[in-house]
Amino acid sequence: MKTEPLAAAPAARGPASDGGTVHRVLRILGCFAEKERWGLNELARALNLPRATTHRLLNLCRPLNFVAQDEDGSYCPGLELYRLAGRLSMEMPLNRIAGPILARVRDQTDETTILTLLVRSELKMFFALTASPSHPMRYTIQTNRLEPLTWGATGRALLAFLSPEEIGEAVRRAEPSPLDQRPLDEAELRRSLAGIRAAGHSVTHGQRTPNGVGLAVPFFDGRGEVRGNVALTIPEFRFDPDKQAWLLGLLREAAAELARKMGWT
């Protein structure tokens, strides 16, 4: 069983995008999607804002219960932020449509099935929904946390279908592996992306999960833009290479059904 490491806060966007109070408050709230508790100094550094400014903005959020403060002085999500996040996640159309589709793939394979969504503006992705198998040995997937696109079948199945400029920016960031912090190999990544574009799917070994095999098939909206993927994560000792084509076929059917039900085909 694997627990994902905590991700860093969203990177600062620079002075041009930091000018408005509303924008800064929304960035603060976005940090709580990445990590549940923040010290004032830590949060100020992550946002590249003065400590006093960060403190003032946090105090704007507290009366409406979007932010709370622990006894030790750390800041955490308030009850209203939890209520809003929970309500919106329950109402997300993709999650409602994808739930039965993921469950069917899970039942056919008895492996962890995942819905991954692209956040193109950030060049990131997040796991929106999972369906867990009956096996006692299975992976714990943390949902709704931004992750890099350069690692794992789920990330690469999205990155491969972005523009050359976006791929170049992802390469420039050179984010290390979330599994073991190994450095990014640009040449290997670009070869992998070319293969994914040609095949229409991604298969990786041990990039995001220990001793795990990832398989992902992307789905696209009505304009042909990649929006996410349907994926399987399988422990290496249970993975049968002879069944890979069958597994990818199930994922293709699931991705096509999801796109069709969203009205994208």
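**Helix packing, a cavity and confidence**

Mentor: In this predicted model, α6 and helix α8 (residues 186–199) pack at an angle of about 70 degrees. Their axes are 9 Å apart.

Trainee: What makes α6 roughly perpendicular to α8?

Mentor: Set the angle against the cut-off. Angles from 65 to 115 degrees count as roughly perpendicular. The angle here is about 70 degrees, so α6 is roughly perpendicular to α8.

Trainee: Which residues make the contact?

Mentor: α6 supplies Arg156, Ala157 and Leu159. From α8 come Glu188, Leu189, Ser192, Leu193 and Ile196. By class, that is five nonpolar, one polar and two charged residues.

Trainee: What makes the enclosed space in this structure a cavity, not a pocket?

Mentor: A cavity is a set of points where a 1.4 Å probe fits but cannot get out; a pocket is open. The structure holds one cavity of 30 Å³ or more. The largest cavity has a volume of about 150 Å³. Its lining counts 19 residues, with Thr154, Arg208, Thr209, Gly214 and Thr233 the closest to its centre.

Trainee: Which elements each supply at least two residues of that lining?

Mentor: α6 (152–159), β6 (202–205), β7 (212–220) and β8 (226–235). The lining has seven nonpolar, ten polar and two charged residues.

Trainee: How do you know which parts of the model to read with care?

Mentor: Check pLDDT. Where pLDDT is low, the predicted coordinates should not be read in detail. The chain mean is 88, and 90% of residues reach 70 or more. Among the elements, α6 has the highest mean, 98, and helix α4 (residues 79–91) the lowest, 71. Over residues 1–18 the pLDDT is below 50. Beyond near neighbours in sequence, that stretch has 40 contacts in the model.

Key
Residues numbered from 1 in each chain as written. Predicted model: local features only at pLDDT ≥ 70, side-chain atom pairs only at ≥ 80, totals over all residues. Heavy atoms only, no water. 1 Å grid on protein atoms, 1.4 Å probe; cavity = no way out; pocket = protein on both sides within 12 Å on 5 of 7 lines; lining within 4 Å. Points joined across faces, edges and corners; volume = space filled by probe spheres on them. Helix = DSSP H or I, 4+ residues; strand = E, 2+ residues; numbered from the N terminus. Nonpolar A, V, L, I, M, F, W, Y, C, P; charged D, E, K, R; others polar. pLDDT = per-residue confidence, 0-100. Contact = heavy atoms within 4.5 Å. Axes fitted to C-alpha atoms, helices over the stretch in contact; angles between N-to-C directions. Parallel < 35°, antiparallel > 145°, perpendicular 65-115°, else oblique.
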